[in-house]
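Q: Please take a close look at one part of this structure, the place where two helices cross, and then set that part in the context of the whole protein.

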Amino acid sequence: MPNFRFKLPSRNWLIFLSITGSFTTAVLYDRYHKKRAQQRWCNLVSHIAHEPLPTRQMPRKITIFLSAPPGDSIRAAREHFHEYVKPVLAAAAMDWDVIEGRREGDVRAGLAEKIRKRRRKDGEKPVTSEETKPSEEEEDLVQEWRVTAGVKDWEGIQGDLVLGRHTWKEYVRGLHEGWLGPLDPPPDTSETSAAKHDAPPLPTEQLSAGDDESPTSDTLQTSDSSTATADSAKPPIEPAQAEAKKVEKPKTPVQTPPYISTSAYPSAPIAPTTPSVLAPTAILPLPHLLGFLNTPIRIYRFLNRRHLADETGREVAALVLASYVRPWDSKSEFTGSSPFPGHGNSTEEQRSNVPANHERWEPEGVLEGEERDWHKVAWKRYQGEPERVWRNSMVVEPRIGERMRRFDLTGAEEDLARKDEGKDPAAKGLWASVKETIGWEQDRAVRGWEHGSVGEESE
């Protein structure tokens, strides 16, 4: 038998094991409670998935707005949605549409165009006749088929879900542009402006015109003649093969400029088809911090994702249940002070788009702390830049603000979600999970003494 000597590890090993063990324990603890938090809100809304739906009625469909965080791609917002939001929506068997923005202003343009399309369907007519887009024709055909088949739309609350402060600013801006702006585009958004964006670059032949007297012109001519003879020796390429070789890259769609400015809100007439109550919204946090020097803060947030999962699950559950919808509050007079100075947005610059005597509403301060984490690209100024929704202050017009609503949970629903927290199926112990995995005692028959109450055998 070998003679093992039990002794304490060395100082270096103790330091290594304590650091790695502590970090691993913190990660596992956070992951465990994160799953419990998500399962708690999934259990609260899971009964909706079992409710029967008539065969001639469309299910409830919500609209999700997400866009790329400042300084990053759309992938970060998509991963956040799949990790924190989708589990609760899937537990309730919800259906949804997504409006994505890959750059600043896409969500604003998409929402405003959606509202203008609704206004045209409700009977409003623009001054100038516009051609119907193929996508709108397809939607009209699908709607006609549903009406012919007797399929009805969902008559209850639909709702919108907004992810992040930057998307929320674009959502509010697009909401005002759609209901306060005109149906006709302004003169600046004519086809000439679109042609500027789609103008192809000048060919190299025009750029090199007038340089025939250069000393390298002879060498260029000789090289062109040699390549011409080499090309003539090759067999001719058929037109079908030439077209197959050409790979056309999809053009980036031109973003529609805003139809109305924020300073023109008070004097703009509201659309006659504006509903008395707009679609309620649920605003979810999207913490996104970049930079090597912010590594300690990012590690702290990584070890506390359970709080983010709990907060996000609560807001999504309030949207799914839709049992309580409250209006937004109007607060004191707008102060105009920059919440995060030092990003290049001074007080005067931030208030440049705010009308005079503007009252600050509650939506303007939602998730305002996220602006501190934005990348510096969100605050940079460029020559000839369009309207910067992220950098400008949010403006809520009273006629739109009093129609806006927000989802919220009642006290009874929140107590119901938290009272059985210790009895949550996701909170099983390690031994119970192992027995469930291997199928031990899964189909065990009930013993005879387990039928009676406690103490029955002694009687």
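A: **Where two helices cross**

In this predicted model, helix α1, which covers residues 11-45, and helix α14, which covers residues 411-419, have axes that come within 9 Å and cross at roughly 125 degrees. An angle of 65 to 115 degrees would count as roughly perpendicular and one over 145 as roughly antiparallel, and α1 and α14 are therefore oblique to each other. The crossing of these two helices is right-handed.

The residues that bring the two helices into contact can be named on each side: α1 contributes R40, W41 and L44, and these meet E413, E414, L416, A417 and R418 of α14. Sorted by class, this contact of α1 with α14 holds four nonpolar residues and four charged ones, with no polar residues.

Turning from the helices to a strand, β4 (residues 281-284) is covered on both of its faces, with T281 and I283 buried on one side and A282 and L284 buried on the other. Strand β3, which spans residues 160-163, pairs with β4 in the parallel sense over four bridges, and within this pairing D160 has T281 of β4 as its bridge partner.

As for the whole protein, it has 15 helices and eight strands, and buried residues make up 35% of its 459 residues. Among the contacts in the protein with a separation of 6 or more, 86% are between residues 24 or more positions apart.

How values were computed: Residues are numbered from 1 along each chain as its sequence is written. This is a predicted model: local features need pLDDT of at least 70, side-chain atom pairs count only at pLDDT 80 or more; totals for chains, interfaces and linings use all residues. Side-chain values use heavy atoms; hydrogens and water are left out. Axes are lines fitted to C-alpha atoms, for helices over the stretch in contact, and angles run from 0 to 180 degrees between N-to-C directions. Angles under 35 degrees count as roughly parallel, over 145 as roughly antiparallel, 65 to 115 as roughly perpendicular and the rest as oblique. A crossing is left-handed if the near helix is turned anticlockwise from the far one by less than a right angle, and right-handed if clockwise. Contact means heavy atoms within 4.5 Å. Ala, Val, Leu, Ile, Met, Phe, Trp, Tyr, Cys and Pro count as nonpolar, Asp, Glu, Lys and Arg as charged, and the others, Gly among them, as polar. Buried means under 20% relative accessible area, exposed over 50%, partly exposed in between (1.4 Å probe, protein chains only). Two strands pair if DSSP finds at least two bridges between them.
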